[in-house]
Amino acid sequence: MRNGRAALLLFSIFIAIVASASPARVARAEDAPADSAASARGALDTMIKAIQDGNTPIRDRMFFKLRIIGTPSVEPLIGTLSNADARVREYAAFTLGFLDDDRAIDPLLALFASDAEMSVRTQSARALGRMLLEDEKPA
C-alpha cells in the first residue's frame with residue numbers, strides 16, 4: 001500500500017510540473033539545442049570554478065562529475081592543469097586519464113616533464129598509461 005501511495009504522489013508531482021510548464025517554453029523547442037549548449041557551457045564553467053575555489057569534498061565531486069560528462073570537459077580540465085594547487089593538478093590529470101581524449105596527451109606530457117610535485121608527475125604518467133591501455137584494447 002505504501003508503494004502505491006508513493007507512486008501516486010510522484011505521478012501527481014509530475015502532472016503538476018507538466019501542467020505548470022509555460023506554453024512559451026514548450027513552443028521554443030527549436031531553441032533547445034542552443035539553450036542546452038549554453039547550459040552545458042555554464043555548468044562546466046561553474047564546476048571548474050568550484051574546483052578552483054572549493055574545498056576538497058566539493059572538488060572531488062566536481063572531478064567525478066566531469067569524468068561522467070566526458071569529452072566536453074576535456075578543455076576545461078586541461079586548463080586546470082596549470083592551477084597553483086598541486087591537488088587540483090593531480091586530480092585533473094587523473095580525470096583526463098579516464099576520458100581518453102588525444103587533446104590531453106601533450107598537456108599531460110608537459111605536466112609530467114615540468115611539474116615540481118612528484119604526486120602530480122606520477123598522476124600524469126598514470127593518466128598517460130591508462131590512455132595508452134585504452135587505445136590498445138580490441139574494438
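## Aromatic pairs and two helices in a predicted model

Let us start with one ring: F94 is partly exposed, with a relative accessible area of 26%. It falls in that class because the range for partly exposed runs between 20% and 50%. A word of care before going on: the model is a predicted one.

**The chain as a whole**

The secondary structure comes to eight helices and zero strands, so the order of elements from the N terminus reads α-α-α-α-α-α-α-α. The chain has 139 residues, and 26% of them count as buried. Among contacts with a separation of 6 or more, 55% are between residues 24 or more positions apart.

**Two aromatic pairs**

How many aromatic pairs does the chain hold? The count comes to two. In one of them, the rings of F63 and Y91 have centres 5.7 Å apart and planes at 25°, so the pair is stacked. The stacked class takes planes under 30 degrees apart. F63 belongs to helix α4 and Y91 to helix α6 (residues 86–99), so this pair ties together parts that are 28 residues apart in sequence. F63 is buried, at a relative accessible area of 3%, whereas Y91 is partly exposed at 24%.

The rings of F94 and F98 have centres 4.9 Å apart and planes at 65°, so this pair is edge-to-face. Here the cut-off is planes over 60 degrees apart. F94 and F98 are both in helix α6, and being four residues apart, they are separated by about one helical turn. F98 counts as partly exposed, at 34% relative accessibility.

The accessibility of the four ring residues, for easy reference:

| Residue | Relative accessible area | Class |
|---|---|---|
| F63 | 3% | buried |
| Y91 | 24% | partly exposed |
| F94 | 26% | partly exposed |
| F98 | 34% | partly exposed |

**Arginines over F98**

F98 is worth a second look in your viewer. R67 lies over the face of F98, at 3.6 Å from the ring centre. The charged end of R130 also sits over the ring of F98, with 4.0 Å to its centre.

**Helix α4 and its sides**

Helix α4 spans residues 56–69, which is 14 residues, and reaches 20 Å from its first C-alpha to its last. That is close to the 20 Å expected at 1.5 Å a residue. Which residues of α4 are buried? They include F63, met above in the stacked pair, along with R59, M62 and L66. These residues cover an arc of only 100° around the axis, which puts them on the same side of α4. This fits a familiar rule: an α-helix has 3.6 residues a turn, so residues three or four places apart point the same way. On the other side of α4, R61 and I68 are exposed. Just after the helix, G70 takes a positive phi of about 85°.

**S124 in helix α8**

Is S124 buried or exposed? S124 counts as buried because its relative accessibility is 0%, under the 20% limit. The residue is found in helix α8, which covers residues 118–136. A polar atom of the S124 side chain lies 2.8 Å from the backbone oxygen of R121. Leaving aside residues up to four places away in sequence, S124 touches A93, L108, L111 and F112.

Definitions and conventions
Residues numbered from 1 in each chain as written. Predicted model: local features only at pLDDT ≥ 70, side-chain atom pairs only at ≥ 80, totals over all residues. Heavy atoms only, no water. Helix = DSSP H or I, 4+ residues; strand = E, 2+ residues; numbered from the N terminus. Expected span 1.5 Å × (residues − 1). Buried < 20%, exposed > 50% of the residue type's maximum accessible area, 1.4 Å probe, protein only. Arc of directions from axis to C-beta. Polar contact = N/O pair within 3.5 Å; in protein donor to acceptor, adjacent residues only side chain to side chain. Contact = heavy atoms within 4.5 Å. Phe/Tyr/Trp six-rings, centres within 6.5 Å; stacked < 30°, edge-to-face > 60°. Lys NZ or Arg CZ within 6 Å of the ring centre and 35° of its normal.
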